[in-house]
Amino acid sequence: MAAMPVTHDSTPELSTVWLGVFLEVARHGSFTVAARALGWTQSAVSRQIASLEAGLGGEPLFDRLPRGVRLTEAGRSLVPHAETVVATLHQARRELGALREAAAGRLRFGAFATADAALVPHALALFRTRRPGVHVSREEGFTPALLDRLTAGHLDLAVVSTTGRAPLESYELHHLLDEPLYVAVAADHPLAGRRGPVPLGRFADADWISGSARPEGTLLEAALRQGFRPRVTHVVGEWTAKQGYVAAGLGVALVPALAAASVRPDVRLLRVTDEGAPARAVYAATVRGRPPAPAVAAFLGALREATRRIPG
């Protein structure tokens, strides 16, 4: 027989199963009736009670009578303690079950702004038709902030990108797409009618419109990899405003594929030659080591389907 586990104070650990069986026998006053209620054999119930008595130092908990059993003084003393332990365990199970049900009926996700232009709305529409009963909450932010929210447990999933040099190694990454880039030019730009990809270096002398004066950590970092530092003449954060500056001929701007479908008609997009690695990869990030809840897994599937609508 395996040795009974012992705690630091040399008191044998008691099984909650023993305590539950003990309460059943105490309730019915019979090993036979308790066994029937539990769906066990009488001998199995007897073994559990014998183990409990041994774990408590050998003190009998029941007087064996010709018909049934009766609690001893030790047994009567144990009853309230056993009831407390078993009730606490049942309450813990109920609360954990409620948490699982809540998680199954809830989806909390975040996404960076450009993903909200087309990818996220298409995925959310697909998800809504398949899981109409799930409560969805959504946040928008930069990749580093979204990952912090994910780590803290405030999000179940985050749509993030490699732009911004955020550390992604600590997360479970579900690859969605490698996103090509476009250069947005005015409709009357000399290259506006060009067909086929354009090397990014063709715009080394252009004025650039960007959300940051520095290319590092932004899409414009692709220019540095191509051997030139872009001259940012207008810092414009809002995407619609950027297009207005481009349409007025004040400069050119980089446009990720996720935003290509929302370009206004007086702006032309020129595909950038993919020289080396793509400008950025887009992922759905979840917490590593935590299996996705059903709602999260379903949304992942919707995101993958939605990527097929993104220009390649």
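How many aromatic pairs does the count come to? The count comes to five aromatic pairs. Keep in mind that what you're looking at is a predicted model. Let's start with those rings and then work through the sheet, one well-surrounded alanine and the largest pocket.

## Rings that pair up

Take Phe22 and Phe62 to begin with. Their ring centres sit 5.5 Å apart and their planes meet at 50°, so this pair counts as tilted. The two residues come from distant parts of the chain: Phe22 belongs to helix 1 (residues 16-28) and Phe62 to strand 1 (residues 62-64), with their positions 40 residues apart in the numbering. Phe22 is buried, at 0% relative accessibility, and Phe62 is buried too, at 3%. Phe31 joins in as well, since ring pairs link Phe22, Phe31 and Phe62 into a cluster.

Now for Phe203 and Trp208. Here the ring centres are 6.4 Å apart and the planes are at 70°, so the pair is edge-to-face. Where do these two sit, buried or exposed? Phe203 has 2% relative accessibility and counts as buried, and Trp208, at 0%, is buried as well.

## The five-stranded sheet

Next up is an open sheet of five strands, with the order 4-3-5-12-6 and mixed pairing. Strand 4 (135-140) and strand 6 (171-179) are the edge strands; each has a single partner strand, so one side of each has no neighbour in the sheet. From one strand to the next, the twist averages 20°.

As a bit of background, strands of a sheet pair through backbone hydrogen bonds, and they can do so either parallel or antiparallel. You can find both kinds here. Strand 3 and strand 4 run parallel and are joined by six bridges, and Gly110 has Glu139 in strand 4 as its bridge partner. Strand 6 and strand 12 (residues 280-287) run antiparallel, with eight bridges joining them. Asp178 stands opposite Ala281 of strand 12.

## Strand 3 and the helix across the sheet

Why is strand 3 described as largely enclosed by the rest of the structure? Five of its six residues are buried, and that is why strand 3 counts as largely enclosed.

Helix 5 (residues 119-130) lies across strand 3 (106-111), strand 4, strand 5 (157-161), strand 6 and strand 12. Helix 5 runs at about 170° to strand 3.

## Ala285 and its company

Strand 12 is also home to Ala285. Ala285 is buried, with a relative accessible area of 0%. Its contacts, leaving aside neighbours within four places in sequence, include Leu147, Leu150, Asp156, Leu157 and Ala158. Val160, Tyr171, Glu172 and Leu173 are also among the contacts of Ala285.

Leu150 is worth picking out from that group. Ala285 and Leu150 are 135 residues apart in sequence, yet 8.3 Å apart in space, C-alpha to C-alpha.

## The largest pocket

Rolling a probe the size of a water molecule over the atoms shows where empty space is left. In this model, the largest pocket has a volume of about 810 Å³.

Its lining is made up of 30 residues, and Thr114, Phe142, Leu219, Lys242 and Arg280 are the ones that lie nearest the pocket's centre. Which elements give two or more residues to the lining of the largest pocket? They are helix 6 (143-151), strand 8 (207-210), helix 8 (239-247) and strand 10 (253-256).

Definitions and conventions. Residues are numbered from 1 along each chain as its sequence is written. This is a predicted model: local features need pLDDT of at least 70, side-chain atom pairs count only at pLDDT 80 or more; totals for chains, interfaces and linings use all residues. Side-chain values use heavy atoms; hydrogens and water are left out. Two strands pair if DSSP finds at least two bridges between them. Helices (H or I, at least four residues) and strands (E, at least two) are DSSP runs, numbered from the N terminus. Axes are lines fitted to C-alpha atoms, for helices over the stretch in contact, and angles run from 0 to 180 degrees between N-to-C directions. Contact means heavy atoms within 4.5 Å. Rings of Phe, Tyr and Trp (its six-membered ring) pair if their centres lie within 6.5 Å; planes under 30 degrees apart count as stacked, over 60 as edge-to-face and the rest as tilted. Buried means under 20% relative accessible area, exposed over 50%, partly exposed in between (1.4 Å probe, protein chains only). On a 1 Å grid over the protein atoms alone, a cavity is a set of points where a 1.4 Å probe fits but cannot get out, and a pocket is an open set with protein on both sides within 12 Å along at least five of seven lines; lining residues have an atom within 4 Å of a point. Grid points are joined across faces, edges and corners, and a volume is the space filled by probe spheres set on the points.
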